[in-house]
Amino acid sequence: MNNSQRSAPVVHGFAGYANGHSALQGSTWRLFQNLDRLFLSWANYWDAAEYQFPATLPAHELNKIGYFKSFPQHLTLPVCLDADHDNLAEFAAGDPLDAQGALRLGKCAPVKEVLTPAACYHFYVNFQDQVLDAPRYVTTRATCFRRESHYTPLRRQWSFNMREIVCIGTADEVTRFLYMQRSVVEEFFMGIGLPITWQGATDAFFNPAANPKYLAQKLDPVKTEMVYGPDIAIGSVNFHRNYFGEAFHIARAGEDAYSGCVAFGLERWVHAFLAHFGPDEKNWPALPGGRA
C-alpha cells in the first residue's frame with residue numbers, strides 16, 4: 001500500500017486515511033448513528049419522505065446547473081475500462097500499477113456519471129418535469145465525494161456522509177421551512193452547550209470572478225454555515241431560490257419551484273462532539289437512541 005494511503009492508528013473509535021477517508025467503530029460509530037437518528041427526528045417533524053439514491057449522478061443532469069464549470073476542482077469520476085476484448089487483454093497482461101501505485105488504465109469507456117457531490121442534487125433530478133400541488137419535504141443520507149487540496153480525518157475528507165432535509169415549494173414555504181429548522185438546530189446547540197456560530201458563506205466556485213452565481217451569493221447570501229471552532233462548518237442552511245426549479249422544470253403554484261435544504265456533515269458532527277465533550281461517551285449529551 002502506498003504510504004499516503006495508510007490509515008492512522010485507531011484513536012477514539014476512528015481511523016483516518018491520508019487520502020481523505022475515515023473508518024468508525026465502537027462508540028464513535030454509535031455516535032454517528034445516533035446523530036443521524038437526531039437529524040431524522042427533525043425530518044419527521046415535516047413528515048419528510050426518506051429516500052436512498054445511487055452513488056452516482058448522470059453527468060448530463062449535473063450539467064444543467066453548470067456544475068462542471070463551477071466546481072471542477074471537486075469532481076470525482078467513476079472510470080471504467082473500455083470493454084473491447086483486446087483493450088481488456090492488454091490491461092490484464094501488463095503490470096497493472098506504475099511506480100507511484102497508479103493504475104495503468106489504457107483506453108477507458110466514456111465517463112457519463114459523477115460520484116455524488118451533494119446529497120440534495122438527487123431530488124431535483126428525481127422530481128424534474130413535475131408540477132407540485134403542495135410543498136414537498138424529503139430527506140436522504142448520501143456518501144458524498146469532493147476532492148480537496150488536503151485532508152484531515154473527520155474534518156476535511158474526500159468521502160463523507162451528508163444528511164439533508166429538503167423543502168421544494170413556493171418562496172414562502174421554503175423560507176418558513178428554513179427559518180423553523182434553523183430555530184430547532186439553534187435550540188439543540190444551546191441545550192447541549194455546543195458552541196456554534198452562524199456564518200454567511202459562499203460556495204467554493206472555480207474562478208469565482210467569472211462566475212455570475214458567485215456574484216449573486218456575495219450580493220444576496222443564500223448559504224449560512226454552522227461553524228464549530230474557528231473554521232469547521234458542520235452543517236449549513238441553504239436557500240436555493242428558484243434555481244433548481246428552473247433548471248429541472250419543477251413547478252409549484254404556477255411558477256418555477258423554490259427550494260432550500262438543511263445539510264449536516266456527519267463526520268464533522270462527530271469531530272465536534274469528540275473535540276468539545278471528549279472521547280468518553282459517558283460525557284456525551286443524550287441523543288435519540290442513547291448517548292452511544
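**Whole chain**

Display the full chain as a cartoon coloured by secondary structure: the protein contains nine helices and 14 strands. The model is a predicted one. Switch next to a surface view coloured by accessibility; of the 292 residues, 43% are buried. If contacts with a separation of 6 or more are drawn, 69% of them join residues 24 or more positions apart.

**Helix H1**

Select residues 26-45, which form helix H1. How far apart are the end C-alpha atoms of H1? They are separated by 29 Å, which agrees with the 28 Å that 20 residues should span at 1.5 Å a residue.

Show the side chains of H1 and look for those that are buried. Among them are the nonpolar residues Leu 31, Phe 32, Leu 35, Leu 38, Phe 39, Leu 40, Trp 42 and Ala 43. The buried set of H1 also includes Ser 27, Thr 28, Asn 34 and Asp 36.

Centre the view on Leu 31, a residue of helix H1. Its relative accessibility is 0%, so Leu 31 counts as buried. Which residues does Leu 31 touch, leaving aside those up to four places away in sequence? They are Val 270, Phe 273, Trp 284 and Leu 287. Add Leu 266 to the selection and draw the C-alpha to C-alpha distance from Leu 31: 9.6 Å in space, for a pair 235 residues apart in sequence.

**Two residues with positive phi**

Follow the chain just past H1 to Asp 47, where phi is positive at about 55°. Asp 47 has this value although it is not a glycine. The residue sits in the loop that runs between H1 and strand E3 (49-51). Is Asp 47 buried or exposed? With 68% relative accessibility, Asp 47 is exposed, because exposed means over 50%.

Move next to Leu 154, another non-glycine residue, with a positive phi of about 70°. Leu 154 belongs to the loop between E7 and strand E8 (159-169). Its relative accessible area is 2%, so Leu 154 is buried, the cut-off being under 20%. The two loop residues thus fall into opposite classes: Asp 47 is exposed, whereas Leu 154 is buried.

**Thr 140 in strand E7**

Select strand E7 (residues 136-145) and pick out Thr 140 within it. Thr 140 is buried, its relative accessible area being 1%. What lies 2.7 Å from a polar atom of the Thr 140 side chain? The backbone oxygen of Tyr 51 is found there.

Expand the selection to the residues that Thr 140 touches, omitting those up to four places away in sequence. They comprise Tyr 51, Gln 52 and Phe 53, then Ala 119 and Phe 123, and finally Met 162, Arg 163 and Glu 164.

**Gln 73**

Go to the loop between helix H3 (67-70) and helix H4 (85-93), where Gln 73 is placed. At 30% relative accessibility, Gln 73 is partly exposed. Draw the C-alpha to C-alpha distance from Gln 73 to Ser 149: the two are 76 residues apart in sequence and 9.0 Å apart in space.

**The cavity**

How many cavities of 30 Å³ or more does a search of the whole structure find? There is one. The largest cavity holds about 30 Å³ of space. To see its lining, select Glu 61, Leu 62, Ile 65, Tyr 121, Tyr 124, Val 125, Phe 244 and Phe 248. Helix H2 (59-62) and helix H5 (121-126) each provide at least two of the lining residues, and H5 contributes the most, with three. By class, this lining has seven nonpolar residues, no polar residues and one charged residue.

**The second largest pocket**

Finish at the second largest pocket, whose volume is about 160 Å³. Select its lining: Thr 175, Leu 178, Tyr 179, Arg 182, Ser 183, Glu 186, Val 237 and Phe 239. Which elements each supply at least two residues of this lining? They are helix H6 (171-192) and strand E11 (232-239). H6 gives the largest share, six residues. Coloured by class, the lining of this pocket shows four nonpolar, two polar and two charged residues.

Definitions and conventions:
Residues numbered from 1 in each chain as written. Predicted model: local features only at pLDDT ≥ 70, side-chain atom pairs only at ≥ 80, totals over all residues. Heavy atoms only, no water. Helix = DSSP H or I, 4+ residues; strand = E, 2+ residues; numbered from the N terminus. Expected span 1.5 Å × (residues − 1). Buried < 20%, exposed > 50% of the residue type's maximum accessible area, 1.4 Å probe, protein only. 1 Å grid on protein atoms, 1.4 Å probe; cavity = no way out; pocket = protein on both sides within 12 Å on 5 of 7 lines; lining within 4 Å. Points joined across faces, edges and corners; volume = space filled by probe spheres on them. Polar contact = N/O pair within 3.5 Å; in protein donor to acceptor, adjacent residues only side chain to side chain. Contact = heavy atoms within 4.5 Å.
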